[in-house]
Structures are given as C-alpha cells and as structure tokens.
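Here's a quick briefing to read alongside the model. Have the viewer open and follow along, topic by topic.

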Amino acid sequence: MILNIEQDYLRFRQIVRGKIKQDLKRYISQGELIGKKGKDFVSIPIPQIELPDFRFGRRNTGGVGQGEGEPGTPLAPGDVDENGDGKAGNAPGAHILEVDLTMEELAQILAEELELPRIQPKGSAQLKTERDRYSQISKVGPESLRHFKRTYKEALKRQITAGTYDPLNPYIVPIHEDKRFLSWKTKQRPESNALILYMMDVSGSMGDEQKEIVRIESFWIDTWIQTNYHGVMTRYIIHDAVAQEVDRETFFHTRESGGTVISSAYDLCNKIINEEYPQELWNIYVFHFSDGDNWSGGDTDRCIHLLKTDLLPKVNLFGYGQVESTYGSGQFIRELENNITDIDNLVLSRIENKEDIYQSIKDFLGKGK
Amino acid sequence: MSIPIQSRRQTLTPELARLNREIEQYARSYGLDFYETIFEVLDFEEMNMVAAYGGFPNRYPHWKFGMEYERLNKSYAYGLHKIYEMVINNDPCYAYLLECNHLVDQKLVMAHVYGHCDFFKNNIWFSKTNRKMMDIMANHATKIRKYIDKYGLERVEGFIDLCLCLDDLIDHHSVFIERRPKRKDHTEEEPAVVKKIAASEYMDEFINPKEFIEQQKQRLEDERLKRRRFPEEPQKDVLLFLIENAPLEAWQRDALWTIREEAYYFAPQAQTKIMNEGWATYWHAKIMTERALNDAEVIDFADHHSGTVAAHPGQINPYRLGFELWKDIEDRWNKGKFGKDYDECDDYVSKREWDIGLGLGREKIFETRRVHNDITFIDAFFTEEFCHEHRFFTYQFNPERGVYEIADRNWKNIKQKLLFSLTNFGQPLIYVADGNFENRGELLLDHRHEGIDLRIDYAKDTLKNLYTVWTRPVHLRTLVEGKGKLLTYDGEKHLERKADG
C-alpha cells in the first residue's frame, strides 16, 4: 500500500541529500553521534531540518526537573532537555523506551546512516573460514530444533483454513506437516587480518576537547572496521617531539607538552609495519590526528616524503584528521593538500568540533578500501 | 464524512468493539462527557504517518511531514519509542489504535483516549476550535495541491516554508477577546483649530500674528499624522497583519491563511499539554484499576502505566506532572486541605493529617478541567507541599564542571521557572509595532524582552524570510546583552544599529 506521505518523505530525502533546495541545506542538523561503551548510551543521527524562527538563544538558564539529589548533583547528559522548554516529546503519546543495542547492530545503524560501502577484503586468494548460523527455517529437522512459534502458526493456519478452529475452544494440535525446524546456513567469512594504527599528536596544543574528538572518532572507526574483519589488531602511537608506542588507556589519557615533530611518528609507524605486518597479509589502516601545527617546514617535507615513498604504498588507507585548536596554525593539512595529489588512499579531513565527527568518519571510511 | 484512512482497514475487530463499548460505559459512569469517538486500527507505518501529519490522515504536501515520518519510523525501528495512541479533537473524535498492541494496551489506550475526548469537549480553551477539522484539513490539502498544480511545486512549497517560519507569531488569546472593535468609527476628524487669544479686532493681528498661527497649524497637523499609526496598537497576530496588509497574491494570502488557521487549531493542545495528558492518564489509571483490568493483565498494565509516568531527572514529563497534580487536587478537596484555616495552620503534623471530610475532590477536578490552562493550572495548584513531596528541583549549567547540575529546591524558583517555560509556549513575544516605519512603508517588529536574548542568527534569517513576504525592508527591535538593538534586513544585507529598547 502506498501511503500519502511517501511523496513528502521522498521530497525530504532529496533535500537532505542536497539534490534540491540548496538554501535549506544549512538548517540540516544531524543529531549527535556519540557512543559510550559501558553505559551503552547511543544516539542515532536522524537528519532534521530546522526552519529559522524567532526563538530564544541558547539558554544556560537551565530548567526544572524531578528526582533525588542534593544541589550540586550532576545530571546525566542524556537526561537534560537542552532547550529547557519543558516539553517531553512532541509526538502525542510518545513513550521513551530504553535502547539495548549490540555492537553489531550499532555498526549496522552506522553503516545505514553513513551509507558506508562494505570494505572489500584484500586480494582474492584469501583464506576463508566457515561458520554455521541458525538463521533459517526448514520443514525437516530433529525434534530438538523444533521452532515452536512457527509450528504453532502453521497449525493455526491449517486449522482455520480447514474450518476446525473454534475460537471458543482454541485447541491447536499440530500434525507432522505443520512442524517447522530451525536450520542453519553456512556462511563464509573472509579471514583477512586488519591492523588499525592510530597516531595522535599530544603536544601542548592538544587540549581535552581535541582528545575527546579523537576518542569519539576512533571509537566509531574501530567499531566499523571490527565488523568488517575478523581479527583486528589495534596499535597506538603518541608523539610530541618524539614518538612512542603506548596502550589504549595511555593513548586517550596522556597529556604531554612540548613541540611537535610529526615525522617521528611516521617513522615509528613505518617501522612497526615493516617489522610485524607485511602488507601482503594485512589490511592496514592508519589514522593520524593532530592540530596541524608541525614544528618546522623541513619536518613537514620529510613527512610528505615518508608518506609518498613508504607509507602510502603499503596501507589500504591513510586518514589524516586535523582537529581545530586555538593554538595550532593548522598548516600541516594544507601542505599535504598541496604536495600529495592524485593518490587516493590518503584521506584528509578537517574536524572543527564535535558535530564534524560525523562528516569526518564519512570522509575516512566512505571509500571502503 | 468519509472514512479517513483508506478502505483496507475495517474499523474494529468484534473483540475490540466489545472492549470499546465496555470502556466507554465505564468512562460515562464516572461522568466523563465526550463526543462520539471512532477508533481505527492502524499498523505502525500508518500510525507513524498519521502522527507525522499531526493526527490527520490527510494534510497539504510538505517535506516537513516526511521528515517527521522518517524520525518516527526510525525511532520505532530502533526501538526508541513507539506511539501507543493518538486522538484528534474533532466531532466525532477520531482515535487510533496500534494493530500489534496487546489487548490490555488497547484497553488502556481506549480509557486514555476517553479522558482526552472529555477534555477536548469541555475545556474552555478548546471551545473555539473548529470541531470539523478533519474536513477542514482535507480541504486545505486539496487547496494547496491545486495551487501546486497551477503555480508549481517549487514556488508554493517555498512560500509555505516562509509561512512556517512565522507560524508561531499568532495571538493565542485573540479568539476569546475582541482586540479591536469589529466596526471602526470612520467619522471624519475635525480639522484642528488653533486657539487664538481673545483680542479686539484691531489688536488681533498683533496679539495673534499670522506666522505664529500658521506655525501652530502646522504643528497640530504633524501631531495628527503621528497619531495615525498603523497598526494603532502593537499587534501580536503577525500572521493576520501580514495577511491583511502585505502585498501578496491571492493564492499566497490564502496559503498563509491556511497555515494560520491550523496554527490556531493546534494552539490549545500546546496550551494544555500538562493538564490534558495528566487528565487522560488519571482516567486511564482510574478506569483500568477500578473497573476494566482483569487479574492476568495487572503486571502489563503496571509496566506500561509506570512507563507513561516515569520521571526523567532533567525533564518535566507532562504525563507525570499532570497526573500527580490531578490526584493532589482531588485529595486536597476531599480532605479540605485549602483555604484560610489550612493555610494559617503552622503545625506540620496536623497539616499533614488534615481531613475535614469535605469530599469535594471529584467536583473540583471536573471544574478545574473546564476553566484552566497549563499556566493557570500550575499557578493555582503547584503548591509548596506538592513541590517538596514530588522532589522537584531547578538545574543549571555549571560551566566549570561542564555539566548540568541541580541548582536548588526552592519552591518559588521552581514554580517561576516552570511558569516561564510555559508562557507563550516558551517562545519570545513578538509584536508588529509599525507597518509604516519611518514613513517608508517598512515593517517594524518589537520583541518584548523578558530576560532572555533572541538567537540572533535565526532572527536574521527570519527577517530575511519576512522581507520576502513584506517586500520592503523589515526591522526587529530587541535587546542584545541589555542594549537596545535594531536589526534590519533591507533586501540585500543585514544591518544592526542601536535603538532605545
């Protein structure tokens, strides 16, 4: 059945995709895309167009709430109605339910929303593993795999068609033909290995906000690549004037100070790949986040050289994300843009604030390599 | 009246029809009074469509409905929420049931719906709404479609986009008040006469010299022109002002009128959200627990009811607030916990145990649902005791810690904040101040500043849209950080200058 609203819906999608009505484009908000492991707090991006009207500016005036706690008790971010207008849900009778998502579902939502292409495994002569998944229904099978609901349904259908169903005395007796069984399907899964290597600039100019952006972005990148590969290795490098390899915890929580020599990290990265991850066997994804303030022009030249001759030929993707910072000059990304053209596994992305993360992930993974 | 949703749906299954008769009977036995109520069963896509259309099966074509539809569909698909119930203020009332709901849910929804229907019919703020809105909406849809066929989708949709930016700018109280005499007194003004100082004829020329008299005449004439303002009084119904005075084509005037009519139709629902949802929740709880529930359904009912009235720490849940307030009012009037004696009693224990067996609770809540809207409701019944008992607080953003945190539990502050958020639906107050600003046919709007600045970038964009309608420069007088500002869009660029507030 075609709903009346189909046309309105298509029209809306066209606007969102920027096909028509370009002038509305800047009113499109994507909603936030933040995942919190542990607390399983997820928000799903749903594009909304907010037409301008006369409204109050951002009210830091707060609002009224209800519940326990003393003055000073913080509220969880999801609990606060940031507009403070006291309206809970604008749809009539809308009841908020808790979301319970697995990482797999999450990645699927992500893929749908970002319209990411599936990453193709490297080479065709890959090892493949087989796994059985009970995802089908069959008419034959062992009793232990009998699907009660389907069997019942079949029996009910049969009894209704045969006219032997009595609503006042609703006994359903399945016969042999009604029985349905769970059955499996063998799925082949490419056993390809992937390495994700994160590099982050932790020099004095990278503040907490910049790190937060890196954390969120790498979480989503991680999630996406994990769903595409079976065995994913993750390595972390931090650098200021010198580079070192660290564990995940340290990666996200270190605050160093001092200068920035980006080539130190690229050197180390190159070394790790050469020694441990031969490119024939591994899909390699490298992401580097920095505020783009390299110490000297000479070092930047060295970085470009390293990228061109050593790194880029080996990796599936090299993503450079430049986080906006008040201190940095942000020169690095411009140098890369000017000096490395026509190589398509280098992706550059500017991330000015949290809202840009969404677009940046799209930039990085949109090509599906 | 045709059946609104396409034919495929039959109205109710025999079982649902039986339940409906049962619930309706219960509702009437409690004294609820409603128009005939027609239930229809929809699947979730249809439900989302109708919800996106604001409860109606048919609306004018516009992408904003598609946007809402997508939002609802997605949040349903991801299990974020689902719509249990929907009902529209119409005679007869139409209400929708979700096909896949459990019987106990359907019962709950029916009971809830009868609460709403009673409210629609009896609350004074709904008394001026059009009860044939189902037909009106369909007519609007046909009309706009016709314009689209004639003038093209881009043009009509673009104009509707503009209208929607402005559709908050109506005067919600105007339907109850005569803001201006229907017929103006068009008698001609007496030409101003300059008073002369009495003098005998031969002295007149010296005591009242000719130049002076001319000067005075000129002054009086100037004053008369100044008085001929337009509009004479600041006008809150900006849409009406535009309809009557902007240089629009006939179809545009009509489209704007359509948007305005719909805005007025929906206004009372926003004005009484807390009362209305609270009232319906109160009645579904009452009907279900006292009459309609059977033993097997208790747990499911409790689960869904508690979901409806759940408290979210940083938000006001109108279902919960309304529900608790209605119960509190009933209790207070049953026990006589109001009036001079009660207010002046300062003994905590006897106040708490106060019960003079007045038994007026039921009567009081029916009276209250007739005359109040959310603002007066909160103002009258959000008592200090209620506030403390239900653990309300105000919260504030703490920039040092970067989180929202509980600020205080002071009843006065809480009430003030609540009332403020409800005033004019939490929208700024905008008036048309002058339709002939500086005598150049430009439009001046006034923002009545009440402590919070406007969002300037949006205000500028809105002015730009307004310019398209008015076709002459438009101005907005407001306060920015305590200083008077005049924002202007002159058709090419935005200007800002100082203004006295």
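Helix H17 of chain B has its buried residues covered by neighbours that include helices H10 (250–271), H11 (273–292) and H19 (411–422) of chain B. Keep in mind that this is a predicted model, so the confidence notes on chain A further down are worth a look.

**H17 of chain B**
- H17(B) runs over residues 374–381, and its buried residues are B:Asp374, B:Phe377 and B:Ile378.
- Those three sit on the same side of H17(B), because the arc they cover around the axis is only 95°.
- That fits the usual helix geometry: with 3.6 residues a turn, residues three or four places apart in an α-helix point the same way.

**H10 of chain B**
- What do the buried residues of H10(B) pack against? Their partners are H5 (133–151), H6 (153–166), H9 (238–245), H11 and H17, helices of chain B.
- The buried set of H10(B) includes B:Gln252, B:Ala255, B:Leu256, B:Ile259 and B:Arg260, along with B:Tyr264 and B:Tyr265.
- There's a kink of about 30° in H10(B) at B:Tyr265, shortly before the proline B:Pro268. Both B:Tyr265 and B:Pro268 are among the buried residues of this helix.
- As for length, the 22 residues of H10(B) should span 32 Å at 1.5 Å a residue, and the end C-alpha atoms are indeed 32 Å apart, so the two agree.

**Domains of chain B**
- The domain assignment splits chain B into domain 1 (14–123 + 272–292), domain 2 (135–180 + 234–270), domain 3 (309–423) and domain 4 (428–498).
- Taken over C-alpha atoms, the centres of domain 3 and domain 4 of chain B are 38 Å apart.

**Confidence in chain A**
- Chain A has a mean pLDDT of 75, with 73% of its residues reaching 70 or more.
- Which elements of chain A have the lowest and highest mean pLDDT? Strand S6 (residues 94–96) is lowest at 32, and helix H3 (residues 148–162) is highest at 92.
- In chain A, pLDDT stays under 50 over residues 31–41, where the model has 18 contacts beyond four places in sequence.
- Residues 82–99 of chain A also stay under 50, and for them the model has 46 such contacts beyond four places in sequence.

**A:Gly63**
- A:Gly63 is found in strand S5 (residues 63–66) of chain A.
- Buried or exposed? A:Gly63 is buried, because 27 other C-beta atoms lie within 10 Å.
- A:Gly63 and A:Leu317 are 254 residues apart along the chain, and 46 Å separates their C-alpha atoms.

How values were computed
Residues numbered from 1 in each chain as written. Chains lettered and ligands numbered in written order. Predicted model: local features only at pLDDT ≥ 70, side-chain atom pairs only at ≥ 80, totals over all residues. Domains from an automatic or database assignment. Buried ≥ 20, exposed ≤ 12 C-beta atoms within 10 Å, placed from the backbone. Helix = DSSP H or I, 4+ residues; strand = E, 2+ residues; numbered from the N terminus. Arc of directions from axis to C-beta. Contact = placed C-beta atoms within 7 Å. pLDDT = per-residue confidence, 0-100. Expected span 1.5 Å × (residues − 1). Bend = angle between axes of the 7 residues up to and from the residue.
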